[in-house]
Amino acid sequence: MLLRNRLLSLNLTSFLSPPSPPPKSASFLFSFNKTIAHSTHKRPESKPDVSASRAAKQPMSERARFAKTVLFVPPGVDPEDVTDEMILPGSNIVVGPYAGHSQIKEVEFVKSSGRAKDCPKDDRPEFAILGRSNVGKSSLINALVRKKEVALTSKKPGKTQLINHFLVNKSWYIVDLPGYGFARASDAARTDWSSFTKGYFLNRDTLVAVLLLIDASVPPQRIDVDCANWLGRNNIPMTFVFTKCDKLKASKGKRPDENIRDFQELIRENYKQHPAWIMTSSVTGLGRDELLLHLSQLRNYWDQ
Ligand code: GDP
């Protein structure tokens with residue numbers, strides 16, 4: 001009950017209502033139900049799945065089922081054991097035993113690549129940052145690394161359509177991908193984005209997760225929903241990072257939390273377990289430390 005209250009306080013009531021009865025199999029054509037959602041797609045069998053083994057022994061309680069459906073429960077955490085304190089504020093993310101050192105001490109630009117096969121080949125884990133043009137991608141990267149020149153690099157003419165790798169703490173990468181949905185882009189340019197970026201997603205073994213940025217100050221956009229569904233269908237782990245959550249309700253239109261709820265509802269039917277999501281603002285710093293902590297647990301799990 002406490003858990004539920006906590007999530008309800010985010011005003012995501014409709015998204016977070018208790019799970020409906022099991023859907024017919026037909027509606028799960030896209031069963032994006034990865035083993036412990038965000039873990040690596042490379043070696044799941046080599047990792048002990050604590051929650052799965054317990055679940056096999058005894059039926060899951062309603063509380064645990066609820067937690068599993070709406071929360072991102074990371075490796076090493078049993079849904080039965082989740083408490084309020086383990087949920088990162090402004091998110092559905094549970095912090096587990098893999099969370100660790102998360103602050104960024106240094107960051108360096110490594111290279112821009114035109115194709116997935118030209119990207120760095122050193123096996124360090126990476127997170128790709130993706131979103132519609134103007135979603136706030138550069139601002140978020142600046143806020144995460146606390147350096148202006150990083151995101152400026154990828155805004156330089158000639159770099160915006162490339163895969164830009166930034167090495168963090170000499171141990172993992174932030175990857176800035178081209179923004180999609182330029183209002184004025186020609187059809188040819190849009191197709192280009194698709195084939196080139198899709199190639200990266202499908203062939204990059206060191207990709208731990210995609211951070212899909214969604215502008216919470218506007219209603220859900222078809223192109224974002226399509227992108228989320230494409231990633232899900234292709235079993236690419238993702239975290240929804242809602243941007244601009246500081247923006248208060250415009251004269252007309254909805255609040256960020258209402259837009260977030262609407263977006264979640266649109267994609268909800270495609271997921272048995274909802275992907276991780278978090279509210280951020282590059283203006284106020286909302287969600288910054290929490291997002292970094294989340295990345296640390298995904299990374300540490302992937303790394304071991
Ligand atoms: P990009 O094209 O995705 O890299 O987007 P930018 O980072 O350049 O941001 C686009 C616009 O949104 C700029 O005017 C930013 O100042 C604004 N913006 C970005 N993030 C935020 C945010 O968290 N809150 C608010 N209020 N505005 C933001």
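Contact here means heavy atoms within 4.5 Å. The model is predicted.

## Exercise 1. Place L177 and P178

Task: find which loop holds L177, and list what L177 touches beyond its neighbours within four places in sequence.

Solution.
- Step 1. L177 sits in the loop between strand 4 (172-176) and helix 6 (187-203).
- Step 2. Check the cover. Buried means under 20% relative accessible area. L177 has 1% relative accessibility, so it counts as buried.
- Step 3. List the contacts. Leaving aside neighbours within four places, L177 is in contact with A128, I129, L130, K137, L162, I163, T197, Y200 and F201.
- Step 4. Compare sequence and space. L177 and S112 are 65 residues apart in sequence, and their C-alpha atoms are 9.9 Å apart.
- Step 5. Turn to P178. This residue also lies in the loop between strand 4 and helix 6. Its relative accessibility is 0%, so P178 counts as buried. The C-alpha atoms of P178 and F196 are separated by 9.7 Å, with their positions 18 residues apart along the chain.

## Exercise 2. Describe the surroundings of S113

Task: determine whether S113 is buried or exposed, and identify the residue whose backbone oxygen lies 3.4 Å from its side chain.

Solution.
- Step 1. S113 belongs to strand 1 (residues 107-113).
- Step 2. Its relative accessible area is 1%, so S113 is buried.
- Step 3. A polar atom of the S113 side chain lies 3.4 Å from the backbone oxygen of D118.
- Step 4. Not counting residues up to four places away in sequence, S113 touches D118, C119, L162, I163 and F196.
- Step 5. Look back at L177. L162 and I163 appear in the contacts of S113 and in those of L177.

## Exercise 3. Test helix 8

Task: check the length of helix 8 against 1.5 Å a residue, then say which elements its buried residues pack against.

Solution.
- Step 1. Helix 8 covers residues 256-268, 13 residues in total.
- Step 2. The expected span is 18 Å, and the end C-alpha atoms are 18 Å apart, so the two agree.
- Step 3. Name the buried residues. They are P256, D257, E258, N259, I260, R261, D262, F263, Q264 and I267.
- Step 4. Ten of the 13 residues are buried, so helix 8 is largely enclosed by the rest of the structure.
- Step 5. Name the partners. The buried residues pack against strand 5 (207-215), helix 7 (222-233), strand 6 (238-243) and strand 7 (276-279).

## Exercise 4. Repeat the test on helix 7

Task: give the reach of helix 7 and list its buried residues.

Solution.
- Step 1. Helix 7 has twelve residues and reaches 16 Å from first C-alpha to last. That is close to the 16 Å expected at 1.5 Å a residue.
- Step 2. D224, V225, C227, A228, N229, W230, L231 and G232 are buried in helix 7.
- Step 3. Look just past the helix. There N235 takes a positive phi of about 55°.

## Exercise 5. Collect positive phi values

Task: find the phi of N134 and of K244, and place both residues.

Solution.
- Step 1. Recall the background. Most residues other than glycine have a negative phi.
- Step 2. N134 has a positive phi near 80°. It lies in the loop between strand 2 (126-131) and helix 4 (137-145).
- Step 3. Exposed means over 50% relative accessible area. N134 has 68%, so it is exposed.
- Step 4. K244 has a positive phi near 60°. Its place is the loop between strand 6 and helix 8.

## Exercise 6. Cross helix 4 and helix 9

Task: state how the axes of helix 4 and helix 9 cross, and name the residues in contact.

Solution.
- Step 1. The axes of helix 4 and helix 9 (residues 288-303) come within 10 Å and cross at roughly 80°.
- Step 2. Angles of 65 to 115 degrees count as roughly perpendicular. Helix 4 and helix 9 are therefore roughly perpendicular to each other.
- Step 3. L140, A143 and L144 of helix 4 make the contact with R288, L291 and L292 of helix 9.
- Step 4. Follow helix 9 to L298. With a relative accessible area of 5%, L298 is buried. Its C-alpha atom is 8.1 Å from that of A209, 89 residues apart along the chain.

How values were computed. Residues numbered from 1 in each chain as written. Predicted model: local features only at pLDDT ≥ 70, side-chain atom pairs only at ≥ 80, totals over all residues. Heavy atoms only, no water. Helix = DSSP H or I, 4+ residues; strand = E, 2+ residues; numbered from the N terminus. Expected span 1.5 Å × (residues − 1). Buried < 20%, exposed > 50% of the residue type's maximum accessible area, 1.4 Å probe, protein only. Polar contact = N/O pair within 3.5 Å; in protein donor to acceptor, adjacent residues only side chain to side chain. Axes fitted to C-alpha atoms, helices over the stretch in contact; angles between N-to-C directions. Parallel < 35°, antiparallel > 145°, perpendicular 65-115°, else oblique.
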